[in-house]
Structure formats: C-alpha cells, structure tokens
Amino acid sequence: MGLNIQRESRSSNIMDNVTDCLSISGDAIKDIYEQDFHAPVRGLRPAFDFEWDEAYTTSREGQDGKQIIKYYTTEERHDKIMQTCNDLLTAAADVNFHVTKLEAVFTTLLSCQWRPEKLSTATIVDDTKKILQRLPHVSLNLPENLGMLPSGYFSTDQKEWNSLIVTSMVHRNLVCFAIYHIITLSEGGYMEMTLQEGLNHVAEIIQQCVENGNADVAQKPYWVLVRCYLWSFWQRARLLHSYFVMTRRLVIGLTENTPYQWMRNYQVSQGLSLRAFTEQAAQVRKPPEMCGWKCELIIGDPVCLGFDFTLLFRRFEKAFGAMQTSCHFNLHGACEGQDWHHCARFNRTEGANQTMHDSTQDHEYDNEPRVVWDEASYRRVEGARAVCISESDDSYFKYCTASQRTLAFSHVWSHGQGGRPHEGINRCLHHRYIQLAKQLGCDSYWIDSACIPEPDDLRKEAITHINDVFYESKYVLVCDKELMSINIDDLTTECYEWLLTGVLLSDWNIRAWTMLEALKGREHVAILCQGNKTVMFKDIIEQVCHNGRIDIAVFASLLPHMLPSQIEGRIKGKVLQEVSPNDISLEVIGSWLSHRPSSRKGDDVTIWSLCLNQHRARIKDVVEFWRQQKGVNSGFLLSSSDRLSQPGLSWAPSTPFALPESRDQELSIDLFHRPLDSVDTARLSIQPDGLWGQWWAYEHQVGLRASIGWATTYMSTTQRQTYREIKKIRRKFRLKARYIALLRPVSSRVYTRYDGATATPSASKSGILVAVCDSDHTERKQPLKIPQADQKPVHSYKWIWRGVYQWPTEVVMPNFVKVPDFWIG
C-alpha cells in the first residue's frame with residue numbers, strides 16, 4: 001500500500017460558491033489606497049502610521065514643536081461619541097445618498113500615513129483583493145425589524161437582510177484594514193492593538209445607537225440603518241482582525257497575547273449582548289447531527305465573539321453529516337448541549353476495550369487474537385519505552401527506548417483502541433501500527449495501550465516520560481474515527497477545511513490527555529484519514545489560512561496548543577526541560593484544560609503539571625502544585641472551578657476543569673465560567689500565608705447600609721436594586737462573616753483602555769463576574785515583601801475566597817476602589 005505524508009494539494013478554487021464571497025474591483029482598492037494612505041513628509045515619520053480616533057486622546061503641536069497630548073474626560077468622550085452618532089444619523093436620513101454620506105462620516109475616524117518601501121502598488125492591490133474576496137458576501141444578520149425602513153435602502157423589492165445595501169457593501173475602512181495587514185506583514189511589524197481599539201470604538205458607537213434608538217422613537221428607522229451599517233463593518237473587520245492575528249501566529253509562533261480579552265461585549269441590539277447574539281445566531285444554524293455540548297463549548301468561547309458559524313457548520317455537514325452521532329448512552333442522536341453529564345461523548349469513563357479493527361488488514365471481529373506485553377522486555381528497558389517493530393511478533397510486544405524514530409499515537413479510548421499492555425491489543429491494529437511506522441520512516445511505535453502498564457509504580461514512571469515521547473517522536477499521529485472517515489485522495493482547499501473542522505469538533509480534541517500530547521508534539525502532528533493515509537496538521541492550517549475562506553480560518557484560533565511554538569529551531573535529543581523550560585504559562589494551560597476532562601481522578605492536575613514541564617518535581621497533589629507556584633494572574637481566578645480548603649489556599653482552583661463535577665450542582669451552561677489566561681490583569685504573589693496583590697475592591701459591612709455610600713434614610717430605586725443584589729450574594733454563598741468584599745481584576749496594561757472596576761472585560765455570557773470574599777476582620781498584617789523606599793507598608797485584613805458571582809448588567813454596581821495589597825488566605 002502506498003502511504004505517505006500528504007504535503008501538497010492540487011490547484012483548486014478557493015471558494016465553493018463565488019456568490020457567497022465579497023466582491024470588489026482592483027481599481028476600487030487602488031483608488032482607496034492612493035487617496036487614503038498618505039505618504040508622510042520626507043524625513044519625518046508620523047507618531048501614528050495607522051491611527052483610529054477612538055476618542056480617548058487628542059494632540060496638537062506646542063510652541064516648541066513638540067506634540068501635546070490631551071486626555072478626554074468621561075463626559076468629553078461621551079459627547080464625541082454622541083456627535084459621531086448624530087452625524088451618522090443625519091447621513092442615514094438621506095435615502096438616495098445614504099451610502100456616500102455614511103462613508104464620508106465613518107472614514108473620518110481612520111487616518112493612514114504610510115507608504116511601504118518594499119511593496120509596489122500593484123502587489124498591495126492584488127493581495128488586498130485576494131483577502132477581501134475570502135470574506136462572506138453579506139454580514140451576519142441582526143434581529144432587526146427591517147420592514148420599518150424605506151424601500152430606497154434595499155437593492156431589491158424584498159425588505160430582507162441580504163437585500164439591504166449597507167450589509168453587502170464594501171466599507172472603505174474595511175479595505176484600509178486589509179491594506180494595513182498587507183503592508184505590516186511585509187514590513188515585519190504589527191500593531192494588532194490599533195485594529196482592536198478601532199473595533200472597540202465602533203462597538204461603543206453601536207451601543208450608543210441602540211440606546212439612542214430606544215429613546216428616539218421618531219428616528220428609530222434611521223438608527224436601525226446606522227446600526228446595520230456599522231455592524232456590517234464591525235463583523236467583517238472582526239473576522240479580518242482575528243485572521244490577521246492567526247496568520248501572525250503562524251509566522252512568529254504561539255504567543256500569550258489573547259486579543260479576545262480586549263473585545264468589548266457590547267449591546268448589538270436592544271437587550272442583546274454580542275456574546276448572547278453570537279450564541280443565538282450559531283444555535284439556529286447548528287446541524288441537528290452535531291453534538292450539542294461540543295457546539296456549546298465552541299460558540300461559548302470568548303475567542304468566537306462575533307464570528308459567523310454558517311460555513312463551519314456547512315463544512316461539518318458535508319464531511320460528517322452521514323455519520324451517526326452517539327451522544328446518548330443507549331441511543332443514537334445528538335445531545336441538546338445543556339449539561340455535559342448527559343453527553344456520552346464527553347462524560348464517559350473510558351474503559352479498556354478493543355472494539356476497533358483495521359479494515360485493510362485480515363481480522364476477526366468477534367475473536368481477534370491479542371498481542372500482549374513481554375513484561376521482562378519492558379523492565380529491561382530504561383526511560384521511555386516504545387514497541388520495537390523489528391523484534392515484536394504476533395503474540396508479544398518487545399520494547400526499546402523511545403527516540404526520534406518513534407511514531408507516537410494519540411487517541412481516545414472510547415473509539416476502540418484503549419487497553420493496557422497485559423490485556424493486549426487486537427492483532428490487526430498491531431499490524432496497522434507497524435505498517436504506519438515503517439512507511440513513515442520509524443523503527444518503533446508508542447501507544448498508551450501498549451506502553452503504559454497498569455501497576456501503579458510502572459504507570460507513574462511511564463507518565464513522567466510522556467513529554468519526552470511526544471516531543472522527540474518523529475510524528476504524533478491522531479487516530480479519531482470521524483477523522484479517519486475523511487477521504488483525502490483529492491486534497492482541495494475545501495477538503496483542508498473539512499479536516500480543520502473535523503479536528504476542531506472531534507472527540508480527540510475534547511480530552512485532557514490528548515491536549516497534552518498535541519501540545520508537546522505540535523511541531524509534527526499528523527492526522528490519520530481514510531485508507532490509512534495521513535496529512536500533516538501544519539499543512540492543514542497553512543492551506544486554510546493562505547487559501548481558504550476567512551470565516552473558516554479564524555476558527556484555528558481555538559486550537560492554540562497545536563500552533564507552532566515561538567521557540568523554533570530547538571535541538572531535539574536534549575532533555576526537554578533544558579530546551580523549553582515552561583514556555584507556556586500556568587494560566588494559559590489552565591484555560592485550555594478548563595473544559596477538557598480526564599477519566600481518572602487526579603489526572604487533571606498531573607496533566608497540568610506535565611504541560612508546565614514540572615513533572616520531574618514529583619508533585620503529589622494539587623496542594624503541592626500550588627505551593628510550588630510563585631504567582632498567578634488575578635483574572636484567571638474568576639472561574640467556576642472548585643477551590644481548595646487548605647489554609648492560605650481558599651482562592652486556589654482544586655482542578656483546572658471548571659465544569660460542575662456532580663449532577664447535583666447547578667448545571668446551566670450560563671453558569672459555566674471558564675478561566676481565561678488573563679495576561680493583562682495584575683500579577684498576584686503566592687506566599688505561605690495566602691495570596692497578596694492588587695484588586696478593584698468593594699467592601700460591605702453587613703447590617704450597615706451606609707457602607708455602600710448611601711444615607712440610611714433615603715435610597716433611590718437603583719440603590720435599592722444594588723443593595724438587594726448584595727443580599728442575594730450573602731444567601732447564595734451562605735456568608736456568615738461580618739464583612740463582604742467584591743473583587744474585580746486590575747488591568748496591568750494601560751493601553752487596554754479597560755482599567756476600571758466596571759469597565760474591565762468579562763467572559764460571562766451576561767453581566768460582570770466578581771469574586772466574593774468574606775472576613776471577620778480578626779487578623780491583619782502586611783505582606784512579606786518589603787515595600788520600595790517611597791512606599792509605606794500596607795496592611796490588609798485576612799479574607800476568605802467564597803466563589804464567583806455573575807453581577808447582572810441591569811443592576812448598578814457599587815463603587816470599587818483600587819486596593820494595592822489585598823490578602824486572601
């Protein structure tokens with residue numbers, strides 16, 4: 001049989017349906033480039049080459065020639081945003097020329113002063129056109145009543161979203177976004193925050209338009225049109241920005257910058273947040289045969305805010321629509337996705353079984369002979385063991401040391417390849433593994449069913465070598481029964497999109513152990529497909545990102561652990577800890593593991609430790625795991641993960657897995673708060689007596705209303721709502737202590753524009769997440785660290801972490817103050 005790693009694809013059309021894609025001429029792009037991208041004055045480089053006026057600052061030239069920057073107050077910012085909204089409203093009211101006038105207003109927000117030195121105008125125009133033509137023709141439709149709009153706003157007689165002129169037009173600023181990407185990529189620099197701040201400012205304008213439309217009934221149709229115009233830009237620009245970040249990662253490798261944490265979860269329509277709309281729009285497009293829980297995990301990921309799932313689901317249907325979904329324990333069919341306990345694909349204790357067979361090999365379904373381990377051979381080998389293909393036979397595994405010529409298999413037991421060495425594996429599967437190893441230039445293979453024994457001492461020893469096995473192996477081969485059904489004889493761009501969709505939605509991608517295996521072997525992961533043919537995952541990513549639809553490529557952001565590492569060119573063969581010591585943070589790994597279960601109790605923390613390359617420290621349990629850490633990002637702690645009860649660790653997650661472990665707990669998907677890596681929140685110090693660091697805090701003394709800052713003799717309606725919410729918190733967490741504290745993370749980077757107690761971004765579906773602590777104020781001290789010379793020691797009472805609460809958006813929050821050293825014991 002001819003088996004080889006497929007790296008090249010035949011030339012094929014990028015789009016399966018050209019009418020689904022954005023259309024713009026090269027002449028139009030050239031005109032925008034030549035008019036909007038002004039060349040700077042010779043010899044002078046402007047302060048901002050590509051600047052979005054997000055209404056935070058303005059500048060002017062002083063008498064000495066230096067730039068003077070003025071920061072707008074909150075009131076001034078609001079006035080500027082209102083002025084922009086009113087200008088857009090006036091433009092929209094002119095039915096005959098609304099597009100021209102809307103563009104005239106909107107383009108004033110963006111100024112470009114950059115002409116590249118390396119690229120010609122023709123190259124810029126051609127590359128920009130190629131990118132824009134990979135976007136959807138029409139933006140995702142908002143739930144608006146379009147019947148109220150005059151017919152002049154539509155291109156046909158039908159008053160439908162697809163006929164609305166502003167939803168299918170190509171915004172001038174969108175073209176500038178694409179040109180900016182082409183130029184910066186060629187120049188070797190990138191300022192993704194510039195695009196991010198532009199998106200967030202447009203989001204502010206849209207939300208203000210929602211509020212204005214509710215208050216101004218007479219002008220409501222025009223406010224609706226302005227929102228549709230802005231949303232059409234925002235949603236496509238959001239896809240472009242995510243795509244730019246994705247392609248940048250392919251060039252420079254995985255970074256810990258997470259742009260979704262700077263994304264504003266604004267109101268896109270009356271009473272509808274961006275996250276809620278994203279999830280609702282995806283749910284109505286979900287194929288009936290798709291696992292509901294997998295769908296929930298994807299559409300609820302903050303990375304996907306504002307994404308269009310239409311094409312992703314279409315690719316899934318075409319690739320896997322004929323396969324039976326087994327989400328129920330005794331029946332076929334997809335689960336609804338409200339509770340992970342009800343999904344057999346997710347909540348499954350993976351017992352040892354060998355139900356899979358290789359149809360290309362001679363085999364017996366009912367009585368297939370097993371190949372078992374030669375225990376003496378296993379014990380003779382030191383270090384990481386692998387099955388030696390030259391010495392093994394049809395009865396016994398013979399072992400050798402795993403090396404750079406080992407083929408490592410990654411799979412989930414529920415697909416029929418699980419087991420332990422003493423129980424053995426089906427002979428036909430053994431033959432398949434040998435054949436694959438030989439044809440991929442390997443002299444051994446590793447699979448847990450053959451290489452991780454059942455005895456506790458041998459299992460623990462084998463696990464300490466897992467990182468080395470997957471990092472140093474020649475290939476890591478993914479074996480998932482759905483991916484193995486994909487025919488790759490004709491590797492078109494659409495086929496690569498099937499493969500990316502399949503990996504993303506596979507059972508293999510939702511387990512903790514397989515996440516670790518993909519992370520350590522991310523430079524050489526291959527996918528096993530139909531007929532025992534394979535394709536490299538990096539080829540899938542590159543083909544989709546360079547040639548596929550952008551509304552598919554952006555979903556690769558959900559697989560960060562499989563992207564190339566920033567630490568390239570490492571010399572293999574050295575001890576792993578010497579070449580890549582802890583290059584990914586605890587918080588990033590924790591966020592990846594938050595929704596990926598492991599079957600055996602305690603494996604979740606073992607995997608967390610392995611991902612951090614701390615496995616050789618022989619960490620016994622999660623308490624010891626946290627005792628060895630020095631710090632943690634404050635935002636990472638705002639999750640629904642269970643906490644420890646040991647002194648000084650009430651704040652510490654007892655597991656990275658953030659879903660409720662028991663059916664008796666609150667199981668609503670709305671109450672699942674996954675931890676984010678939160679790299680832009682304050683770093684807290686882990687000390688022997690607890691957690692110390694900076695928070696936005698509100699302290700409430702039980703029974704004393706004045707602590708909220710109000711006179712006890714009078715409360716407004718909003719103040720009473722706030723007070724009642726605090727009482728709800730006391731009841732929910734059964735708080736008995738005299739003092740309650742609500743905490744919000746402090747932003748550690750000024751340029752995120754979110755450094756405020758009520759403005760910090762939140763990952764909750766609706767509302768704002770706050771940490772809840774309580775204290776009796778009986779113990780008070782200062783942190784162990786010595787303050788700087790110009791700082792006075794700050795004392796803090798000891799507080800105990802009680803949980804995370806989702807504060808409703810419609811209820812006014814109390815006033816928070818920034819506390820420099822808050823002690824959580």
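The pLDDT is the predictor's confidence in each residue, on a scale from 0 to 100, and because this is a predicted model, that score is a sensible place to begin. Averaged over the protein chain the pLDDT is 83, with 82% of the residues scoring at least 70. The confidence in the chain is highest in strand E14 (residues 444-446), at a mean of 98, and lowest in helix H21 (residues 576-579), at 37. Over residues 568-582 the pLDDT is below 50, although beyond near neighbours in sequence the model gives this stretch 32 contacts. Residues 706-712 likewise stay under 50, and for them the model has 16 contacts beyond four places in sequence.

From confidence we turn to the interior. The largest nonpolar core has 217 residues, and those with the most contacts inside it are Tyr-445, Trp-626 and Trp-651. Helix H8 (residues 220-252) gives the most to this core, contributing 17 residues. Apart from that core lies another, of 18 residues, among them Ala-682, Ile-726, Ile-740 and Met-813. The surroundings of Trp-651 can be followed residue by residue: leaving aside its neighbours within four places in sequence, Trp-651 is in contact with Trp-626, Val-632, Leu-637, Arg-643, Ile-686, Gly-690, Leu-691, Trp-801, Ile-824 and Gly-825. Trp-651 also belongs to a cluster in which ring pairs link it with Trp-608, Phe-625, Trp-626 and Phe-636.

Aromatic pairs can be examined across the whole structure, where a search finds 28 of them. A pair of aromatic rings is described by the distance of the centres and the angle of the planes. For Tyr-378 and Tyr-399 the ring centres are 5.1 Å apart and the planes stand at 90°, so this pair is edge-to-face. Since Tyr-378 lies in helix H12 (residues 375-380) and Tyr-399 in strand E11 (residues 399-401), the pair ties together parts that are 21 residues apart in sequence. Both Tyr-378 and Tyr-399 are buried. Rings also meet charged groups in this model: the charged end of Lys-732 sits over the ring of Phe-733, 5.6 Å from its centre, and the charged end of Arg-780 sits over the ring of Tyr-797, 5.4 Å from its centre.

Among the strands, 3 form an open sheet in the order E10-E8-E13, with mixed pairing. Strand E10 (396-397) and strand E13 (425-426) stand at the edges, each with a single partner strand, and therefore one side of each is left without a neighbour in the sheet. Strand E8 (residues 370-373) pairs with E10 in the parallel sense over 2 bridges, and Trp-373 stands opposite Phe-397 in E10.

The backbone deserves a last look. Most residues other than glycine have a negative phi, and most peptide bonds are trans. Against that background, Asn-532 has a phi near 60°, a positive value in a residue other than glycine, and Asn-532 is found in the loop between strand E16 (525-528) and strand E17 (534-536). His-777 too has a positive phi, of about 55°, although it is not a glycine, and it lies in the loop between strand E22 (768-775) and strand E23 (780-781). Are these two loop residues buried or exposed? Buried means under 20% relative accessible area, so Asn-532, at 5% relative accessibility, counts as buried, and His-777, at 18%, counts as buried as well.

Methods: Residues are numbered from 1 along each chain as its sequence is written. This is a predicted model: local features need pLDDT of at least 70, side-chain atom pairs count only at pLDDT 80 or more; totals for chains, interfaces and linings use all residues. Side-chain values use heavy atoms; hydrogens and water are left out. A nonpolar core is a set of buried Ala, Val, Leu, Ile, Met, Phe, Trp, Tyr and Cys residues joined through side-chain atoms within 4.5 Å. Buried means under 20% relative accessible area, exposed over 50%, partly exposed in between (1.4 Å probe, protein chains only). Helices (H or I, at least four residues) and strands (E, at least two) are DSSP runs, numbered from the N terminus. Contact means heavy atoms within 4.5 Å. Rings of Phe, Tyr and Trp (its six-membered ring) pair if their centres lie within 6.5 Å; planes under 30 degrees apart count as stacked, over 60 as edge-to-face and the rest as tilted. A charge sits over a ring if NZ of Lys or CZ of Arg is within 6 Å of the ring centre and within 35 degrees of the ring normal. Two strands pair if DSSP finds at least two bridges between them.
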